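Please look through the protein shown here and think about how its parts are arranged. Some questions with reasoned answers will help you read it.

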Amino acid sequence: MALVVNATIIHGHVPRQMMDTFIVPLVKDKKGNLSAKDNYRPLAITCVLSKMLEILILNRYKLLFTTTDNQFGFKTKLSTEMCIYALKQITEYYTHAGSPMYICFLDASKAFDKVNHWTLFKKLIDRKLPILIVRILYVWYSKQYFYVRWNGYVSEPFNVSNGVRQGSILSPFFYNLYTDEISVNLNRLRDGCQIF
């Protein structure tokens, strides 16, 4: 394991088996329309060695992936329920104090699939992630292949040119880092409710 990881980092080469991802469509509602694509969710199966490399990267550089406190998704000991509770409490506090509240919601459906790789890599470099690690991620993202496995058959391989890797341990951290700039800029405005 150590030999493969060291060679991967030093030479910037990720073995083909570590990059292949098999997508298995799972039915959401067996009583629903089985021909509707929205009735399936993909299960991504990747190589155990790739997961181990991701765990090593995460353990070594986790502090670089820290995001603002007003991001609740994909964080240990935080949940959307906590976010909803905080929103309700803040709304109640300011409306009882006579301050108007204006709330804006952002629909981030399929957001993992829309992450631009180049923007993500730039953000990782800006966070001072070592270039050797960014190079590995670049190779991984640019040369990975996906296969769909269905009823004993496997599709031809295909590339994906955007989005964080399905089934990846690092993907939730990358997504939070990718969107953190929104929170940072909103916090910098110092705008918000006022009590009159």
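The questions below concern this predicted model, beginning with the chain and going on to single residues.

Q: What pattern of helices and strands does the protein chain follow along the sequence?
A: The protein chain, as this predicted model shows it, has seven helices and four strands. Read along the sequence, these elements follow the pattern α-α-β-β-α-α-α-α-β-β-α.

Q: How far apart are the end C-alpha atoms of helix H4, and what span should its residues have?
A: Helix H4 covers residues 80-96, which is 17 residues, and at 1.5 Å a residue the expected span is taken over one residue less than that number. The helix should therefore span 24 Å, and this agrees with the distance between its end C-alpha atoms, which is 24 Å.

Q: Is Asp180, the partner of Arg127 in a salt bridge, buried or exposed?
A: Side chains of opposite charge can pair when their charged atoms come close. Arg127 and Asp180 form such a salt bridge, with their closest N and O atoms 3.3 Å apart, and the pair links distant parts of the chain, since Arg127 is in the loop between H5 and helix H6 (131-143) while Asp180 is in helix H7 (residues 171-189), 53 residues apart. Arg127 has 24% relative accessibility and so counts as partly exposed. For Asp180 the relative accessible area is 4%, which lies under the 20% cut-off, so the residue counts as buried.

Q: Which residue forms a salt bridge with Lys122, and where do the two lie?
A: Both residues lie in helix H5 (residues 117-126), four residues apart, which is about one turn of the helix. Their side chains meet with N and O 3.0 Å apart. The partner has 47% relative accessibility and therefore counts as partly exposed; the residue that pairs with Lys122 in helix H5 is Asp126.

Q: Which residues make the nonpolar surface patch of about 360 Å²?
A: One member of this patch is Val48, which lies in helix H3 (residues 48-61). Val48 has 60% relative accessibility, over the 50% cut-off, and so it counts as exposed. The patch is made by Met1, Val48, Met52 and Leu56.

Q: Which residues gather in the patch of positive charge on the surface?
A: Lys37, one of the residues in this patch, has its place in the loop between strand S1 (21-27) and strand S2 (40-46). Its relative accessibility is 72%, so Lys37 counts as exposed. The residues that gather in the patch are Lys28, Lys37, Arg41, Lys110 and Lys114.

Conventions:
Residues numbered from 1 in each chain as written. Predicted model: local features only at pLDDT ≥ 70, side-chain atom pairs only at ≥ 80, totals over all residues. Heavy atoms only, no water. Patch = residues over 30% accessible without salt bridge, like charges linked within 9 Å, V, L, I, M, F, W, Y side chains within 5 Å. Areas by Shrake-Rupley, 256 points an atom, 1.4 Å probe, with all protein chains shown as cover. Salt bridge = Lys/Arg side-chain N within 4 Å of Asp/Glu carboxyl O. Lys, Arg positive; Asp, Glu negative; His and termini not counted. Charge placed at Lys NZ, Arg CZ, Asp CG, Glu CD. Buried < 20%, exposed > 50% of the residue type's maximum accessible area, 1.4 Å probe, protein only.
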